[in-house]
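Reader: I should be grateful for a close look at one part of this model, namely the sheets and the core that they supply. Please set out the pairing of the strands and the contacts of their side chains.

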Amino acid sequence: MLMRGFCLKKIYPGLSTADDVTCIVLKRRLMLCGTNCGALLVFSADKEDSESTSKHSKIDFDSKPLAKMKISMEPIVKVDLGFTDSEILLYYKTYTEDLSCISLKSEMSF
């Protein structure tokens, strides 16, 4: 699934058109995106793709992200998701920073 260069203006109106997705990961029906301007965006893939013959998740790119965080002045070059009993772990890396992590409280138990 190639998302490099996907313009976030459609996803989140008000962001610069230069703010492109640079990396993504999809796990447990959550999609984490890193952007060129140093933000993390979390989307839910709760819907099923009605056009698919098998049961695939569908990302609604017209909806606002579940979470949006400006975390760096540099582009995010790598992202990953982790899960504990009560938290969602957002891992990210920039060109100059080693792997970093932000945790979000989860409303669901994994």
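Author: The account below takes up the two sheets, then the core, then the charged pair and the cysteines.

The model is predicted, so local features are taken at pLDDT of at least 70 and side-chain atom pairs count only at pLDDT 80 or more, while totals for chains, interfaces and linings use all residues. Residues are numbered from 1 along each chain as its sequence is written, and side-chain values use heavy atoms, with hydrogens and water left out.

Strands here are DSSP runs of E with at least two residues, numbered from the N terminus, and two strands pair if DSSP finds at least two bridges between them. In general terms, strands of a sheet pair through backbone hydrogen bonds, either parallel or antiparallel.

One open sheet has three strands in the order β7-β8-β9, with antiparallel pairing. Its edge strands are β7 and β9, each of which pairs on one side only. From one strand to the next, the twist averages 20°; for such angles, axes are lines fitted to C-alpha atoms, and values run from 0 to 180 degrees between N-to-C directions. Seven bridges link β7 to β8 in the antiparallel sense, and Asp-80 stands opposite Tyr-91 in β8. A hairpin of three residues joins β7 to β8. On the other side, β8 pairs with β9, residues 100-105, over six antiparallel bridges. Here Ile-88 has Leu-104 of β9 as its bridge partner, and five residues lie between β8 and β9 in their hairpin.

The other open sheet to be described has four strands in the order β1-β2-β3-β6, again with antiparallel pairing. β1 and β6 are its edge strands, each pairing on one side only. Neighbouring strands of this sheet are turned by 15° against each other on average, direction ignored. Within it, β2 and β3 pair over five antiparallel bridges, and Gly-34 has Leu-40 in β3 as its bridge partner.

The loop between β2 and β3 holds Gly-38. This glycine is buried, with a relative accessible area of 0%; buried means under 20%, exposed over 50%, and partly exposed in between, for a 1.4 Å probe and protein chains only. Leaving aside neighbours within four places in sequence, Gly-38 is in contact (heavy atoms within 4.5 Å) with Met-69, Lys-70, Ile-71, Ser-72, Glu-74, Pro-75 and Ile-76. The C-alpha atoms of Gly-38 and Tyr-92 are separated by 9.9 Å, although the two residues are 54 apart along the chain.

The strands also supply nonpolar cores. A nonpolar core is a set of buried Ala, Val, Leu, Ile, Met, Phe, Trp, Tyr and Cys residues joined through side-chain atoms within 4.5 Å. The largest has 15 residues, of which Leu-32, Leu-40, Val-79, Leu-81 and Leu-90 touch the most other members. At least two residues each come from β1 (21-27), β2 (30-35), β3 (39-44), β6 (67-70), β7 (76-83) and β8 (87-94). β7 gives the largest share, four residues. Not counting residues up to four places away in sequence, Val-79 touches Cys-23, Ile-24, Val-25, Leu-32, Cys-33, Gly-34, Leu-40, Tyr-91 and Tyr-92. There is also a second, separate core of five residues, including Val-21, Met-31, Cys-33 and Leu-41.

A charged pair deserves separate mention. Side chains of opposite charge can pair when their charged atoms come close. With a salt bridge taken as a side-chain nitrogen of Lys or Arg within 4 Å of a carboxyl oxygen of Asp or Glu, the count comes to one. Asp-80 forms this salt bridge with Lys-27, and their closest N and O atoms are 2.8 Å apart. Because Asp-80 lies in strand β7 and Lys-27 in strand β1, the pair ties together parts that are 53 residues apart in sequence. Asp-80 is partly exposed, at 30% relative accessible area, and Lys-27 is partly exposed as well, at 32%.

Finally, the cysteines. A disulfide is a covalent bond between the sulfur atoms of two cysteines. It is counted here when a pair of cysteine sulfur atoms lies within 2.5 Å, and the structure holds zero disulfides. Cys-37 counts as partly exposed at 26% relative accessibility, and Cys-101 counts as partly exposed at 40%.
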